[in-house]
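New to this one? Here is an informal walk through the model, one region at a time.

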Amino acid sequence: MASSHLNWLIVRDHNAFLLKRRDIRKPFSTEPGNLTNLSSFRYSGLVHHKTVTITPAEKKGVNFVYNRKKVLNKPAKAPVKVTLKQGPRRTLKKIANMMKANRYRADLRGAALRRASAILRSQRPTKTRKGKAGAAPAAATAAAAGTAAAAAPKKAE
């Protein structure tokens, strides 16, 4: 097995997961295991053995996927998928504890928690706003109904 540094030198400029654009200085990456979607050695999921992937679950919560250390040479048996959907605080605490227990890198822990909290925030239901923004459409419909009644011809009495 080659080192992760050698693997990065081989795949850093040319791989199927790169998103290169003219106006973007540093290309994005869509590879699994990359928590920040930046193409860099630190966050690359292609070259490191112990990777973490956090994706949204089907209904609510997040899927936390990590690799087991004992079977890293068996790619089908290495990943462990855990669905966390108990609540935002408990989910973030479990992610931090699992990464600490499995001795993952501390800099990935922060990125994993940011990604998980962004996913959980996007799954929250939106609140209805009260006040001017909510009252304006109601007033507009009432005014439109009043003008429609005024525009209709009057019946002879």
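Let's start with glycine 110, which you'll find in helix α3, spanning residues 106-122. Glycine 110 has a relative accessible area of 29%, so it counts as partly exposed, a label that sits between the under 20% of buried residues and the over 50% of exposed ones. If you look for alanine 96, the two residues are 14 apart in sequence, and their C-alpha atoms are 8.6 Å apart in space.

Before going further, keep in mind that this is a predicted model. The chain has a mean pLDDT of 81, with 83% of its residues at 70 or more. Confidence is highest in helix α2 (residues 88-101), at a mean of 90. At the other end, helix α4 (residues 132-151) has the lowest confidence in the chain, at a mean of 57. Where pLDDT is low, the predicted coordinates shouldn't be read in detail.

Now for the sheet. Three strands make it up, in the order β3-β4-β5, and the sheet is open, with antiparallel pairing. Which strands stand at the edges? Those are β3 (52-56) and β5 (79-84): each has a single partner strand, so one side of each has no neighbour in the sheet. Going from one strand to the next, the twist averages 20 degrees. Between the antiparallel β3 and β4 there are five bridges. As for bridge partners, proline 56 has valine 62 in β4.

Two helices come into the picture here. Helix α2 lies across β3, β4 and β5, and runs at about 0 degrees to β4. Helix α3 packs on the sheet too, touching β3 and β4, with its direction at about 5 degrees to that of β3.

Next, the aromatic rings. The structure holds three aromatic pairs; here are two of them, side by side.

| Pair | Centre to centre | Angle between planes | Arrangement |
|---|---|---|---|
| Phenylalanine 64 and tyrosine 66 | 5.6 Å | 40 degrees | tilted |
| Tyrosine 66 and tyrosine 104 | 6.5 Å | 85 degrees | edge-to-face |

Why does the pair of tyrosine 66 and tyrosine 104 tie together parts that are 38 residues apart in sequence? Tyrosine 66 belongs to strand β4 (residues 62-67), whereas tyrosine 104 lies in the loop between α2 and α3, so the pair links those two places. Taken together, Phe64, Tyr66 and Tyr104 form one aromatic cluster.

Are these rings buried or exposed? Phenylalanine 64 is buried, at 1% relative accessible area. Tyrosine 66 is buried as well, at 14%, and tyrosine 104 is buried at 7%. Tyrosine 104 has another partner to look at: the charged end of lysine 50 sits over its ring, 4.8 Å from the centre.

Last stop: serine 39, in the loop between β2 (28-29) and β3. Its relative accessible area is 8%, so serine 39 counts as buried, the cut-off being under 20%. What does serine 39 touch, leaving aside its neighbours within four places in sequence? Its contacts are Trp8, Arg12, Leu18, Lys26, Pro27, Phe28 and Ser29. For serine 29 there's a distance to go with that: its C-alpha atom is 5.1 Å from that of serine 39, with their positions 10 residues apart along the chain.

Terms used: Residues are numbered from 1 along each chain as its sequence is written. This is a predicted model: local features need pLDDT of at least 70, side-chain atom pairs count only at pLDDT 80 or more; totals for chains, interfaces and linings use all residues. Side-chain values use heavy atoms; hydrogens and water are left out. pLDDT is the predictor's confidence in each residue, from 0 to 100. Helices (H or I, at least four residues) and strands (E, at least two) are DSSP runs, numbered from the N terminus. Buried means under 20% relative accessible area, exposed over 50%, partly exposed in between (1.4 Å probe, protein chains only). Rings of Phe, Tyr and Trp (its six-membered ring) pair if their centres lie within 6.5 Å; planes under 30 degrees apart count as stacked, over 60 as edge-to-face and the rest as tilted. A charge sits over a ring if NZ of Lys or CZ of Arg is within 6 Å of the ring centre and within 35 degrees of the ring normal. Two strands pair if DSSP finds at least two bridges between them. Axes are lines fitted to C-alpha atoms, for helices over the stretch in contact, and angles run from 0 to 180 degrees between N-to-C directions. Contact means heavy atoms within 4.5 Å.
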